[in-house]
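Please open the model in your viewer and keep a selection panel at hand. The stops below say what to select next and what is found there.

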Amino acid sequence: MKKYLTAVVAVAAAATLAAPATATAETTATTTVATRTTATATATTVAAGAKTAFAPTPIRTVRPGERVDAGKGWTVWLTRQGKYWSGPDGFENFRSVVDGNIDRSRPGVSHQSEGDQNGVFHSGLYYGTRNAGRVELTDADGRKTAATLVALPGRSDWGVWYVHTGPSEGSPAVALYDRSGKLLADLPAWDF
């Protein structure tokens, strides 16, 4: 019984991590319940530590200057010059992709965050690749959160990512993967 309960917990955790970041609690609960019914069939695979399949994040293509509702009062938009974002207070920020501060000849990722005791809005650039597949944050407890990806038409060599997380101490690790799941670039976590 203990072996099967452990397998159910592992499968449920895997299903929760694999669920889209925008899934509602009801959807996640449904996924977890549906997964429990097949836990005995997959218990050996999960218990043996088999890797789950890498799922690249779809990239939303937007027109230059098109405002994207990033949720909770946040907005992002892209121009040929770079990434813009504004928060619930309406204050606008900018991160250039043409001023020489980033090296677009090789894969990289940047990270900006703003938040309070209610949660944190994370965003940044991914660049140096036309094969971006996923940007993922990992918090101090090892929880992984996949970001939403946005790019201009023509799949240029850069784009923007964003995600909301709960309040946290320090900054999470940020990783950029290609479409096959290969790590391209990362930023380590740090306390501030």
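Is Lys72 buried or exposed? Lys72 counts as exposed, at 65% relative accessibility, where buried means under 20% relative accessible area, exposed over 50% and partly exposed in between, computed with a 1.4 Å probe on protein chains only. Before moving on, note that this is a predicted model, in which local features need pLDDT of at least 70 and side-chain atom pairs count only at pLDDT 80 or more, while totals for chains, interfaces and linings use all residues. Residues are numbered from 1 along each chain as its sequence is written, and side-chain values use heavy atoms, with hydrogens and water left out.

Stay with Lys72, which is found in the loop between β2 (68-71) and β3 (74-79); helices (H or I, at least four residues) and strands (E, at least two) are DSSP runs, numbered from the N terminus. Most residues other than glycine have a negative phi. Phi of Lys72, by contrast, is near 55°, a positive value in a residue other than glycine.

Next, select strand β9 (residues 132-138), of which seven of the seven residues are buried, so that the strand is largely enclosed by the rest of the structure. On one side of the selection, add strand β13 (residues 173-178), which pairs with β9 in the antiparallel sense over six bridges, two strands being counted as paired if DSSP finds at least two bridges between them. Within this pairing, Thr138 stands opposite Ala173 in β13.

Then add β10, which pairs with β9 in the antiparallel sense over three bridges, with Ala146 of β10 as the bridge partner of Glu136. The two strands β9 and β10 form a hairpin with five residues between them, and Gly142 in the turn has a positive phi of about 85°. Strand β10 (residues 144-146) also holds Thr145, a residue that is partly exposed, with a relative accessible area of 22%. If you measure from Thr145 to Thr165, 20 residues apart along the chain, the C-alpha atoms are separated by 7.9 Å.

The charged pairs come next. The structure holds seven salt bridges, each defined as a side-chain nitrogen of Lys or Arg within 4 Å of a carboxyl oxygen of Asp or Glu. Select Arg134 and Glu136, whose closest N and O atoms are 3.0 Å apart in a salt bridge; Arg134 is buried, and so is Glu136. Arg143 and Asp141 form another salt bridge, with the closest N and O atoms 3.3 Å apart, and here both residues are exposed.

Now select Asp157 and Arg104, whose side chains meet in a salt bridge (2.8 Å, N to O). Asp157 lies in the loop between β11 (148-151) and β12 (158-165) and Arg104 in the loop between β5 (92-96) and β6 (108-109), so the pair ties together parts that are 53 residues apart in sequence. Asp157 counts as buried at 16% relative accessibility, whereas Arg104 is partly exposed, with a relative accessible area of 28%. Arg60, Arg63 and Glu66 can be selected together, as they are linked in a network of salt bridges.

For the last stop, go to Ser171 in the loop between β12 and β13, which counts as buried at 8% relative accessibility. Which side chain does Ser171 join in a polar contact? The partner is His111, at 3.3 Å between the side chains, a polar contact being a pair of N or O atoms within 3.5 Å, where within protein one must be able to donate a hydrogen and the other to accept it, and residues adjacent in sequence count only if both atoms are side-chain atoms. Finally, add Asp139, which is 32 residues from Ser171 in sequence and 7.5 Å from Ser171 in space, C-alpha to C-alpha.
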